[in-house]
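Grab a pencil and work through these exercises with the structure in view. Try each task before you read its solution.

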Amino acid sequence: MTNRFLQISLACLVASTFASAGAQAKGPKLETTDAMIPSGDAGIQLFVRNKHPAGATYPAETAFDLPIEGVSMMDLIAARGYDVYLVDVRGYGRSTRPAEMSQPPAANKPIVSTKVAAHDLGVAVDYILRKRKVSKINVMGWSWGTSIAGSYTSEHNDKVNRLVLYAPQWIRNEPPAPVAANAAPLGAYRLVSKDSAKARWLKDVPTDKQADLIPPGVFDAWANATWATDPESSKQNPPMLRAPNGVVEDSMNYWSAGKALYDPGKITVPTLLLHAEWDADLPSYLAQGYFAQLKNTPYKRLIELSEGTHTVMMEKNRMQFFRELMGFLDEEKPLALK
């Protein structure tokens, strides 16, 4: 099994990606390198971070490489011997923000669709394959990132070793919220406040469970690091993060309209679905529905984590997430009897 692992972490209205962590024993020294790579479109570059043992809608950097209790999820995975990469698609983190994001939101139509983001993911995959001289890597997507990674894999199974999807998007059965008659058309991007992010995080958490769900100081550390990636956020009071609306438009036109954006039946690599029970953005029935569509994988697995939200990788049960993830990636002969 290849030891190259790519995580794609993205911000969107219906789902968010956040940091993760856990207690780490003394492990190997890790090396970190950052790079900006061309997207293939003029003026657009993508931010990629790599972390590996020495010698060997939110941006990915703040989502997976924010230390909590001294260690990030990226650290934990790299310490197991994996060569870990994170990528921000255009419009997020340190990747180039399209020109439309320097104009008022209403001046342009929604930007950075799932198709565009999947193109950016493909550019990052090809960059890693060339740089590390391997033919396949493991790919993980979270939230909107599951649609990006899933759709990419369905067309490029030859480049993916194993696929991990946390909180997958799928066709929704609840009626969409009514649109006001005088509602303005969806603009190029939206503005997100820290308070709204916190409220969404705790939306479906029982009241008596909220106090100890998030480790002390973690939300503020994540929010401050995330909003700092947008140079325009601090110019407003309170600070507001710009987030492209392509994901919102795709969700309205596909998942909320009863249509699939791509066919999971075209995925032919081993696939793990992870989900947490208090995920208010993408509830359990979506993961179950998606799982049923994975009809051509060599093997597949669906794991539901207790007492966690859409941001479980940043919560008290984050190590459950990590252990299930690594159990899937580490196993050498999953179908063998012994």
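Helices (H or I, at least four residues) and strands (E, at least two) are DSSP runs, numbered from the N terminus. You're looking at a predicted model, where local features need pLDDT of at least 70 and side-chain atom pairs count only at pLDDT 80 or more, while totals for chains, interfaces and linings use all residues. Residues are numbered from 1 along each chain as its sequence is written, and side-chain values use heavy atoms, leaving out hydrogens and water.

**Exercise 1.** Find the place of Ile-267 and work out what it touches.

*Solution.* Start with the position: Ile-267 sits in the loop between α7 (246-253) and β9 (271-276). Next, check its surroundings. Ile-267 counts as buried because its relative accessibility is 0%; buried means under 20% relative accessible area, exposed over 50%, and partly exposed in between (1.4 Å probe, protein chains only). Now list contacts, meaning heavy atoms within 4.5 Å. Skipping residues up to four places away in sequence, Ile-267 touches several residues, including Gly-150, Thr-153, Leu-163 and Tyr-290. Finally, compare sequence with space: Ile-267 and Glu-155 are 112 residues apart in sequence, but their C-alpha atoms are 7.9 Å apart.

**Exercise 2.** Look at Thr-153 from its own side: which helix holds it, and which residues is it in contact with?

*Solution.* First, the helix: Thr-153 belongs to α4 (residues 144-155). Second, its exposure: with 0% relative accessibility, Thr-153 is buried. Third, its partners: leaving out neighbours within four places in sequence, Thr-153 is in contact with Val-160, Leu-163, Ile-267 and Val-269.

**Exercise 3.** Pick out the buried residues of helix α6 and say where they lie around its axis.

*Solution.* Go along α6 (residues 218-227) and you'll collect Val-218, Phe-219, Trp-222, Ala-223, Thr-226 and Trp-227 as buried. They span an arc of only 140° around the axis, so they're on the same side of α6. That arc is taken from the directions from the helix axis to the C-beta atoms.

**Exercise 4.** Track down some salt bridges and check how buried their partners are.

*Solution.* Begin with the idea: side chains of opposite charge can pair when their charged atoms come close. A salt bridge here is a side-chain nitrogen of Lys or Arg within 4 Å of a carboxyl oxygen of Asp or Glu. The structure has 17 of them.

- Asp-75 and Lys-51 form one, with the closest N and O atoms 2.7 Å apart. Both Asp-75 and Lys-51 are buried.
- Arg-80 and Asp-330 form another, at 2.4 Å from N to O. This pair links distant parts of the chain, 250 residues apart: Arg-80 is in the loop between α2 (73-79) and β4 (83-88), and Asp-330 is in helix α9 (residues 318-330). Arg-80 is partly exposed because its relative accessibility is 44%, and Asp-330, at 29%, is partly exposed too.
- Lys-209, Asp-212, Glu-307 and Lys-316 are joined in a salt-bridge network.

**Exercise 5.** How do strands β2 and β3 pair, parallel or antiparallel?

*Solution.* Two strands pair if DSSP finds at least two bridges between them. Strands β2 (residues 30-38) and β3 (residues 45-53) have nine bridges, and they run antiparallel. For one of the bridges, start at Thr-33 and you'll land on Asn-50 in β3. Then follow the hairpin: there are six residues between the strands, and Gly-40 has a positive phi near 100°.
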